[in-house]
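Visitor: I'd like to walk through this one and hear the reasoning behind each label. Could you show it to me?

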Amino acid sequence: MSQPLSPETIAIIKSTAPVIQEHGVAITTRMYERLFVDPEIKALFDEAAHKSGEQPRRLAAAILAFAKNVDHLEAIQGAVDKICARHVATHVKAEHYPAVANALLPAIKDVLGDAATDEILNAWGEAYWFLADIMINREKTLYGEAC
């Protein structure tokens with residue numbers, strides 16, 4: 001399990017929730033553009049949900065929920081469990097998480113420009129890997145149960 005998020009990181013993540021609410025779909029749309037240059041990763045996703053904009057909207061909503069609840073994750077545990085179950089059903093693996101990070105963080109910068117300071121990007125990087133660790137461990141359990 002990863003280290004708990006620092007109070008400073010939690011404060012930054014919570015303070016960016018309004019920006020995520022306003023620009024989240026633009027960020028996730030850009031993230032998927034970056035992510036889908038890899039055809040193997042693109043194949044893991046429902047193309048119809050992506051083309052309709054449903055997938056970027058769902059991810060933006062999940063990121064917003066995380067930002068608002070980063071200091072009490074139990075509030076989003078059900079949603080995290082549902083996402084993990086979906087990941088297992090679509091064969092998302094731990095090795096896919098770095099590609100998402102490498103698409104998401106630059107997408108934040110692409111959309112927000114200079115407003116995405118190094119401090120904000122570092123906090124979101126730390127928060128991403130914190131949540132990714134939780135999800136990877138949950139998915140590992142679910143994959144084990146499926147065998």
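Guide: What follows is a short run of questions and answers on this predicted model.

Visitor: Let's start with the record: which residues are listed for the globin domain?

Guide: UniProt, in an unreviewed entry, lists residues 4–140 for "domain: Globin". Over that stretch the chain is 77% helix and 0% strand, and its end C-alpha atoms sit 20 Å apart.

Visitor: What makes Lys-14 and Asp-71 a salt bridge?

Guide: The rule asks for a side-chain nitrogen of Lys or Arg within 4 Å of a carboxyl oxygen of Asp or Glu. For Lys-14 and Asp-71 the N to O distance is 3.3 Å, so the pair qualifies. Lys-14 belongs to helix H1 (residues 7–15) and Asp-71 to the loop between H5 and H6, so this bridge ties together parts 57 residues apart in sequence.

Visitor: And how many salt bridges are there by that rule?

Guide: The count is 7.

Visitor: Where is His-96, and what does it touch?

Guide: His-96 is in the loop between helix H6 (77–89) and helix H7 (97–112). Leaving out residues up to four places away in sequence, His-96 touches Ile-41, Leu-44 and His-91.

Visitor: How do you know that His-96 makes a polar contact with Lys-93?

Guide: The cut-off for a pair of N or O atoms is 3.5 Å. A polar atom of the His-96 side chain lies 2.8 Å from the backbone nitrogen of Lys-93, so the distance passes.

Visitor: You mentioned His-91. What is its phi?

Guide: Phi of His-91 is near 70 degrees, a positive value in a residue other than glycine. Most residues other than glycine have a negative phi. His-91 is also in the loop between H6 and H7.

Visitor: Why are some spaces called cavities and another a pocket?

Guide: In a cavity a 1.4 Å probe fits but cannot get out, whereas a pocket is an open set, so the way out decides the name. The search finds 2 cavities of 30 Å³ or more. The largest cavity holds about 50 Å³, and the second largest about 40 Å³, so each clears the threshold.

Visitor: Which residues line the largest cavity?

Guide: Ile-20, Gly-24, Ile-27, Thr-28, Ala-60, Ile-63, Leu-104, Ile-108 and Trp-124 do. H2 gives the most, with 4 residues. Helix H2 (17–35), helix H5 (54–69) and H7 each supply at least two.

Visitor: What makes 2 of those lining residues polar?

Guide: The lining divides into 7 nonpolar, 2 polar and no charged residues. Gly counts as polar under this scheme, and Thr is in neither the nonpolar nor the charged list, so Gly-24 and Thr-28 are the polar ones.

Visitor: And what lines the second largest cavity?

Guide: Its lining includes Thr-16, Val-19, Leu-112 and Ile-120, as well as Ile-20, Ile-108 and Trp-124. The split is 6 nonpolar, 1 polar and no charged. H2, H7 and helix H8 (118–146) each supply at least two residues.

Visitor: What about the largest pocket: what is its volume, and which residues are closest to its centre?

Guide: The largest pocket has a volume of about 950 Å³. Of the 34 residues lining it, Leu-59, Ala-62, Ile-83, His-87 and Met-135 are the closest to its centre. H5 gives the most to this lining, with 8 residues, and H2, H5, H6, H7 and H8 each supply at least two. By class the lining has 26 nonpolar, 4 polar and 4 charged residues.

Conventions: Residues numbered from 1 in each chain as written. Predicted model: local features only at pLDDT ≥ 70, side-chain atom pairs only at ≥ 80, totals over all residues. Heavy atoms only, no water. UniProt positions renumbered as here; feature names shortened; annotations may be inferred. Polar contact = N/O pair within 3.5 Å; in protein donor to acceptor, adjacent residues only side chain to side chain. Contact = heavy atoms within 4.5 Å. 1 Å grid on protein atoms, 1.4 Å probe; cavity = no way out; pocket = protein on both sides within 12 Å on 5 of 7 lines; lining within 4 Å.
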